[in-house]
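Biologist: I should like to go through the charged pairs and one loop residue of this protein. May we take them in turn?

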Amino acid sequence: MSDDGPLVSLVMAAWRPREDWLRSAVDSALGQTRCNVEVVVVDDGSPDPVEDALSELRDPRLRVVRAEHGGECAARNRGFAEARGEYVRFIDADDVLVPDSTARLLALNGGRDDVIAYGATSVCDADLRPLWKMVSRVQGDALEACLLGRFTVRVFSMLFPRRVVQLAGEWDGAFRVSHDWDFVLRALEHATVRGDDATATLYRKHADAATTDVAAGEAGARRAIDKYFERHPAQRETRLRRRADARLNAIAARVLVSRGRRREAAGRLGSAVVADPTSVWAELVQGLPAVAGRARKLASRA
């Protein structure tokens, strides 16, 4: 903890959180070292008020705001409206922040209002045992890399200047999942990035996580891409659009193969190769050996 430096608002949306996970998440937010933080927890209309679960915490830096249930995006929008910081970090109620991570992100930002700082995410099991580490090497302009799934950073490991959040606009509640990706894409239209591979967040992966719904994930990703090209109509008929579509189809094919639906996978892979053959191979190496031969044949005809 420090009273020096700019105020960072750590905004957490919470709906029916597991109490021990919530407490760990809030403790980790309040336990940020070498920086000045406030923690804004938005209770998204939970049946059991979140404030009751945090009643033992007597820290003036913590505020709990109760709202009618409107979903995670609405809660994050409310949290940002309540936030007073020059910088904002959107965090989850079941993850844990590394103690010095916000200070490191501030140092990476360097006092800029047009730079998003980021760190790595350690993907863990439900008991926070590390499984693998998500890192990115992208520096500077990250918009195209993000659109094509090459900016591998989770939103809770990012630090946003207030100005960038304002320019990006509100979180879109029409998304069931992929709302993080949509928001980050819009933010990257107004900022460059600067990051490192030091872990910023321990991400708790569990069965109730929204990212386990594959069909919803694909629909959300499609909507995020469509929204991007609505904002950039001059790019609609370009190779960038074909590359984005090819990647989505290749990912869908990989998922279908993992579920034994090989014929459907071959069809989706065919669509990906026809859209842009050279964009498919990075997805293939992650799990499509069963249909790689089919891909090569389609690529040779394209």
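Biologist: In which loop does Ser 178 lie?

Modeller: Please note that this is a predicted model. Helix 6 covers 162–168, and Ser 178 lies in the loop between helix 6 and helix 7.

Biologist: Is Ser 178 buried or exposed?

Modeller: The relative accessible area of Ser 178 is 19%. A residue counts as buried under 20%. Ser 178 therefore falls within that class, and the term for it is buried.

Biologist: Leaving aside neighbours within four places in sequence, with which residues is Ser 178 in contact?

Modeller: One partner is 42 residues away along the chain: the C-alpha atoms of Ser 178 and Gly 220 are separated by 5.0 Å. With neighbours within four places in sequence left aside, the contacts of Ser 178 are Gly 217, Gly 220 and Ala 221.

Biologist: How many salt bridges does the structure hold?

Modeller: Side chains of opposite charge can pair when their charged atoms come close. A pair is counted when a side-chain nitrogen of Lys or Arg is within 4 Å of a carboxyl oxygen of Asp or Glu. For this structure the count of salt bridges is 27.

Biologist: Which residue forms a salt bridge with Asp 182?

Modeller: Asp 182 lies in helix 7 (residues 179–188), and its partner lies in that helix too, 4 residues apart, about one turn of the helix. Asp 182 is buried, with a relative accessible area of 0%, and the partner is buried as well, at 7%. The closest N and O atoms are 2.9 Å apart, and the partner is Arg 186.

Biologist: Which residue forms a salt bridge with Glu 189, and how many residues apart are the two?

Modeller: The partner of Glu 189 is Arg 231, with the closest N and O atoms 2.9 Å apart. This pair links distant parts of the chain, since Glu 189 is in the loop between helix 7 and strand 9 (192–204) and Arg 231 is in helix 8 (residues 214–231). Both are partly exposed, Glu 189 at 27% and Arg 231 at 28%. Along the chain, Glu 189 and Arg 231 are 42 residues apart.

Biologist: What separates the closest N and O atoms of Asp 114 and Arg 112?

Modeller: Asp 114 is partly exposed, with a relative accessible area of 25%, and Arg 112 is partly exposed at 36%. The two form a salt bridge, and the distance between their closest N and O atoms is 2.8 Å.

Definitions and conventions:
Residues numbered from 1 in each chain as written. Predicted model: local features only at pLDDT ≥ 70, side-chain atom pairs only at ≥ 80, totals over all residues. Heavy atoms only, no water. Buried < 20%, exposed > 50% of the residue type's maximum accessible area, 1.4 Å probe, protein only. Contact = heavy atoms within 4.5 Å.
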